[in-house]
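Please read the following report alongside the sequence and the model, which are shown here.

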Amino acid sequence: MEAVPARARVYIACVAMAALLCLLPLPGVRTPWWAAALLAALYAGCERVARSRFVGISHPAGTFYPVLLAGAFLLPAPAAALVVVPGALLSQVAQRPVALRRVWRAAQLVLGVWAAAEVHRLLGGRDAVAAGDVPYALGPAGAAVLAFCLVLALLDGGILAVAERVPVRRAWRGLVARSLAPIAVHGLAGLMMAVLWRSPYGPVSALLVLLPMCVSWWAFAQYHRERAAHQATIRALVQAVDIKDGYTRGHSERVGQASMMIARELGMADERVEVLRFAGILHDVGKLGVPTRLLRKDGPLTPEERRVIELHPEYGHEMVRGIGFLGEARAAVLHHHERLDGSGYPYGLVGRQIPESARVVAVADAFDAMTSTRSYSRARPVSVALAELERCAGSQFDPVMVAALVEAVGRTGWHPAVTAEDEETRPSRVPPPGTRLAGRPGAHR
């Protein structure tokens, strides 16, 4: 993301200033600086490993929280916050602008660790850690972890609201619930590190706590690496469809985007939003089983040819049903041409018999078909396409999904790409019988 909105830059600058204020008392803080330096070096090293070829991908957790939380349990708040800075500012960043993203991450973590350390101190947690009183130490440590999680969630929701104009209530929805359990596990490991650090065995024994964490962390990263391989397979399938049916090149990606917009507007969890994006991307993968001559035929299709093309949802379902992580996306591939009134295909399902994922993709598919230029149809204005969807809501489309798309597009806009080459360079085609995009959006090939 090269162009960061000015309002987002201002927001990040304010967060960075707040982080600097947390670090200002450092010159007057009495603390074992060797311990702060060791923890900072350990955290920086873990950050480098997280993005190394050993792991294979950037770890989805984004950072190694046990070291940071151990610092919050062992050090005064400003010194604990300082532990974050070297690793965050030197970490690898995949997206641009690199410097701004590093500053944002550092400032966010500085505030989170500072808040955790202050809560831990106020509740007497440092004395419990020094005494090795683990049962008593659990309460202050739990409160510190909650403070850490709340600060990160608050700042993450803020950047979503400011940078992407996500409604405030939706920006923060579910952030704490999704992150609290993983961070709590990291907090427990951090507490064990802190207790062992203060024990007669010293810092070396504390480092042993990281070994099982590193193993589970690496295994989790490998799961995401495998998932990335599945996504690469999905991209290859979509590219094959685009090559075979060149008139709709890019259509699948845009349907995935529209499906994701609908899912987010409905307040679905991030995991489900991602599944529905896959559903939109893969909805036409069954066209790989349709003869190319039919997909590229100039002129009207015969009833027999149309019946062959209408088999593509079943072909697509057969192709993807073995990909476990797709979940309900497979049902969307099979049923995205069903209609609420039962006149769709392949099974003529009615109303709520149609899976919710298929009802989402059906609206996204029809919307992109109407707003994209095809060889037999000029792109319609977005407002006209939305009005057509609303006209057909209740008979062809789920009104809830239509309303969600209208709301999302009204807030963020929609800029579809041209999916066919200029008519002067391509042979003309006439719309096949049954296309009827003017009266029945979604009844396209």
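## Confidence and helix packing in the predicted model

The mean pLDDT of the protein chain in this predicted model is 81, and 84% of its residues reach 70 or more, where pLDDT is the predictor's confidence in each residue, from 0 to 100. Among the elements of the chain, helix 4 (residues 77-82) has the highest mean pLDDT, 94, and helix 12 (residues 210-244) the lowest, 73; helices (H or I, at least four residues) and strands (E, at least two) are DSSP runs, numbered from the N terminus. Over residues 53-62 the pLDDT is below 50, and beyond near neighbours in sequence this stretch has 28 contacts in the model, a contact meaning heavy atoms within 4.5 Å. The pLDDT is also below 50 over residues 417-443, a stretch with 77 contacts in the model beyond near neighbours in sequence.

Residues are numbered from 1 along each chain as its sequence is written. Because the model is predicted, local features need pLDDT of at least 70 and side-chain atom pairs count only at pLDDT 80 or more, while totals for chains, interfaces and linings use all residues, and side-chain values use heavy atoms, with hydrogens and water left out.

Two packed helices are described by the angle between their axes and the distance between the axes. Axes are lines fitted to C-alpha atoms, for helices over the stretch in contact, and angles run from 0 to 180 degrees between N-to-C directions.

| Helix pair | Axes come within | Crossing angle, roughly |
|---|---|---|
| helix 6 (residues 98-122) and helix 8 (residues 134-163) | 8 Å | 150° |
| helix 14 (residues 270-282) and helix 19 (residues 356-371) | 10 Å | 55° |
| helix 3 (residues 65-74) and helix 6 | 8 Å | 40° |

Helix 6 and helix 8 are therefore roughly antiparallel to each other, given that angles under 35 degrees count as roughly parallel, over 145 as roughly antiparallel, 65 to 115 as roughly perpendicular and the rest as oblique. In the contact between these two helices, residues of helix 6 including W104, L109, V113 and H120 meet residues of helix 8 including P140, F148, L155 and I159. By class, the contact of helix 6 with helix 8 has 17 nonpolar, 3 polar and 1 charged residues; Ala, Val, Leu, Ile, Met, Phe, Trp, Tyr, Cys and Pro count as nonpolar, Asp, Glu, Lys and Arg as charged, and the others, Gly among them, as polar.

Helix 6 also meets helix 3, and the two are therefore oblique to each other. Here Y65, L68, L69, A72 and F73 in helix 3 meet R105, L109, V113, A116, A117 and H120 in helix 6, and the contact has 9 nonpolar, 1 polar and 1 charged residues.

In the third pair, R272, L276, A279 and G280 in helix 14 meet E356, S357, V360 and V361 in helix 19, with 4 nonpolar, 2 polar and 2 charged residues in the contact.

The loop between helix 18 (329-335) and helix 19 holds P346, and the peptide bond from Y345 to P346 is cis, with omega near 15°. In general, most peptide bonds are trans.

An unreviewed UniProt entry annotates "transmembrane region" over residues 6-26, 63-91, 103-123, 143-163, 175-197 and 203-221; such annotations may be inferred rather than shown by experiment, and their positions are given in the numbering used here, with feature names shortened. In the model, residues 143-163 are 100% helix and 0% strand, with end C-alpha atoms 30 Å apart, while residues 175-197 are likewise 100% helix and 0% strand, with end C-alpha atoms 32 Å apart.
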